[in-house]
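Me: I should like to examine the reasoning behind some labels applied to a protein model. Please set each value against its criterion.

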Amino acid sequence: MTDVWPSTLPQTPLVDQWIGGPQRNKVSFKPDVGATIDRRRTSSPLSVFTATFPPMTELQFATFETFFETTLKDGILPFDWADPVTGVTRRWKFSDEDPPYQATAGAGDLITVSTKFIRLT
């Protein structure tokens, strides 16, 4: 069973802060002579997106950290979440890049989270 993005967290990124698309799904080989030989890398290409969420309260941020660290085992497990563009529930995971997310202190006690997701399906 796959975990689900917590309902108490923002469900969509900020407007204009959902940026990304499919990874290149082509592998090319250069023979000694002639044109390159191309093939698909995989039958299920991945898409990578950067997201910045609306500011969270300290309680929401604690929920986010627990979800990432405990539920998803430091972000290695996938989770289900509604695609911000289509609204269709898809399977996602956090990118392997460091840091896996960035938290920025804002006005008052609000915290803005930016991260990168990989859409698996």
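The exchange below takes up salt bridges, burial and the nonpolar core in this predicted model.

Me: What makes Arg 91 and Asp 80 a salt bridge?

Reply: The closest N and O atoms of Arg 91 and Asp 80 are 3.2 Å apart. The criterion asks for a side-chain nitrogen of Lys or Arg within 4 Å of a carboxyl oxygen of Asp or Glu, so the pair qualifies. Arg 91 lies in strand 7 and Asp 80 in strand 6, so the salt bridge ties together parts that are 11 residues apart in sequence.

Me: Why is Asp 80 called buried, and why is Arg 91 called partly exposed?

Reply: Asp 80 has a relative accessibility of 19%. Buried means under 20%, so Asp 80 counts as buried. Arg 91 has a relative accessible area of 30%; this value falls between the cut-offs of 20% and 50%, and therefore Arg 91 is partly exposed.

Me: How do you know that Arg 119 and Asp 83 form a salt bridge, and are these residues buried or exposed?

Reply: Their closest N and O atoms are 3.3 Å apart, and the limit is 4 Å, so the rule is met. Arg 119 lies in strand 9 and Asp 83 in the loop between strand 6 and strand 7, so the pair ties together parts 36 residues apart in sequence. Both are buried, because 18% for Arg 119 and 5% for Asp 83 are under 20%.

Me: What makes Lys 116 and Glu 97 a salt bridge?

Reply: Here the closest N and O atoms are 3.2 Å apart, which is within 4 Å, and therefore the pair is accepted. Lys 116 in strand 9 and Glu 97 in the loop between strand 7 and strand 8 are 19 residues apart. Lys 116, at 24%, and Glu 97, at 43%, are partly exposed, because these values lie between 20% and 50%. By this rule the count comes to 3 salt bridges.

Me: Which residues have the most contacts inside the largest nonpolar core?

Reply: That core has 20 residues, and those with the most contacts inside it are Trp 5, Phe 64, Phe 79, Trp 81, Phe 94 and Phe 117. Helix 1 gives the most to this core, with 4 residues.

Me: How do you know that Trp 5 is in contact with residues beyond its neighbours in sequence?

Reply: Contact requires heavy atoms within 4.5 Å. With neighbours within four places set aside, the residues in contact with Trp 5 include Phe 64, Phe 79, Asp 80, Trp 81, Phe 94 and Phe 117.

Definitions and conventions: Residues are numbered from 1 along each chain as its sequence is written. This is a predicted model: local features need pLDDT of at least 70, side-chain atom pairs count only at pLDDT 80 or more; totals for chains, interfaces and linings use all residues. Side-chain values use heavy atoms; hydrogens and water are left out. A nonpolar core is a set of buried Ala, Val, Leu, Ile, Met, Phe, Trp, Tyr and Cys residues joined through side-chain atoms within 4.5 Å. Buried means under 20% relative accessible area, exposed over 50%, partly exposed in between (1.4 Å probe, protein chains only). Helices (H or I, at least four residues) and strands (E, at least two) are DSSP runs, numbered from the N terminus.
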